Every structure is written in structure tokens, then in C-alpha cells.
Amino acid sequence: MTETRVAEQTDLRFAMPAVDDPVDTEVGIILLGLDADRLLAGLGMTSLADDPGRVAVTVDRMRHGRPGLDADGLVRAGAGYWRAIRPSIAAAYPEPAASASVRQSWNRAYRALDTPALGPIGLATRVYLTACWLRRADVDALT
């Protein structure tokens with residue numbers, strides 16, 4: 001079979017991530033599907049724990065009524081942090097390049113946020129900031 005024929009038979013609508021893709025990319029793809037208030041709550045939570053998986057689980061538990069967690073407080077904390085840091089993100093990565101591949105968009109934005117202009121940020125903070133930046137229209141509407 002020629003290469004052209006193989007390419008014609010390959011269904012490119014869905015592609016699994018490569019085995020060696022960074023875990024942060026797959027976490028980011030999941031986060032991009034969350035509502036903006038959950039992204040802001042996660043961003044607010046990153047000041048307490050800087051592990052993206054723990055933050056996502058804690059925010060989910062909070063939304064399901066776990067006692068001792070204040071959803072509105074976390075959203076307010078995330079919104080305040082977002083308003084404070086958004087100008088620095090815009091300066092570092094003003095116009096994200098559009099891509100049909102969510103993973104490519106994620107990776108570009110994630111790399112762009114690796115800048116001294118944002119100061120020292122942990123992994124969860126960087127992941128949540130990347131998700132908020134890519135979903136900034138929705139996030140900005142809540143702040």
C-alpha cells in the first residue's frame with residue numbers, strides 16, 4: 001500500500017496522546033473542559049496546595065458540598081489573583097496562536113507562561129493560569 005493510501009484510510013478525528021507527552025498537557029486538556037468558576041476556584045486553591053490533581057479533586061469535593069470548604073471564597077481568591085496577574089500574562093503571551101489541536105494550543109500557552117515576568121509559580125498555579133488564559137473570555141466574564 002502506498003503512503004497516500006494509508007493516510008487516506010487513517011481516521012484523524014481522534015488521536016490519543018503520545019506516550020511521552022507531558023502529564024501537564026493531559027491535565028490541562030481536562031481543565032479546559034471545566035466551567036470558569038471551577039477554574040477560578042482552582043486558581044484560588046493553588047495558594048493552599050500546588051499539585052494540579054489535588055486542586056482539581058478538592059474543588060470537585062467543594063462543589064459537592066464537602067463541609068469546611070468555601071466555594072465562593074475560593075472563587076473570589078482566584079478572581080483576585082487572576083485580575084492581578086492577567087496583565088503580566090498578556091504581556092508574556094498577548095495573542096495565543098489558534099490551532100485546531102487543543103494539545104498544541106495548550107503546549108504553546110503553557111510554554112509561554114514559563115516567564116520570569118510571572119514570578120515564581122508552582123506547577124498547579126501554572127496549569128490553572130494556562131487554562132484560565134486559554135479560556136480568558138469566560139474567566140474574565142466572572143471577574
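Helices (H or I, at least four residues) are DSSP runs, numbered from the N terminus, and the expected span of a helix is 1.5 Å times one less than its number of residues. By that yardstick, H7 has twelve residues and reaches 17 Å from its first C-alpha to its last, close to the 16 Å expected at 1.5 Å a residue. This is a predicted model, where local features need pLDDT of at least 70, side-chain atom pairs count only at pLDDT 80 or more, and totals for chains, interfaces and linings use all residues. Residues are numbered from 1 along each chain as its sequence is written, and side-chain values use heavy atoms, leaving out hydrogens and water.

**How H7 sits in the structure**
- Ten of the twelve residues of H7 are buried (under 20% relative accessible area, 1.4 Å probe, protein chains only), so H7 is largely enclosed by the rest of the structure.
- Among the buried residues are Arg126, Tyr128, Cys132 and Trp133.
- The partners that these buried residues pack against (heavy atoms within 4.5 Å) include helix H2 (23–31), helix H5 (71–92) and helix H8 (136–142).

**H6 against H7**
- Helix H6 (residues 102–112) packs on helix H7 (residues 123–134) at an angle of about 120 degrees, with the axes 9 Å apart.
- The two helices are therefore oblique to each other, a class for angles that are not under 35, over 145 or 65 to 115 degrees.
- On the H6 side, Ser105, Trp106, Ala109, Tyr110 and Arg111 make the contact, meeting H7 residues that include Leu123, Val127 and Leu134.

Key
Axes are lines fitted to C-alpha atoms, for helices over the stretch in contact, and angles run from 0 to 180 degrees between N-to-C directions. Buried means under 20% relative accessible area, exposed over 50%, partly exposed in between (1.4 Å probe, protein chains only).
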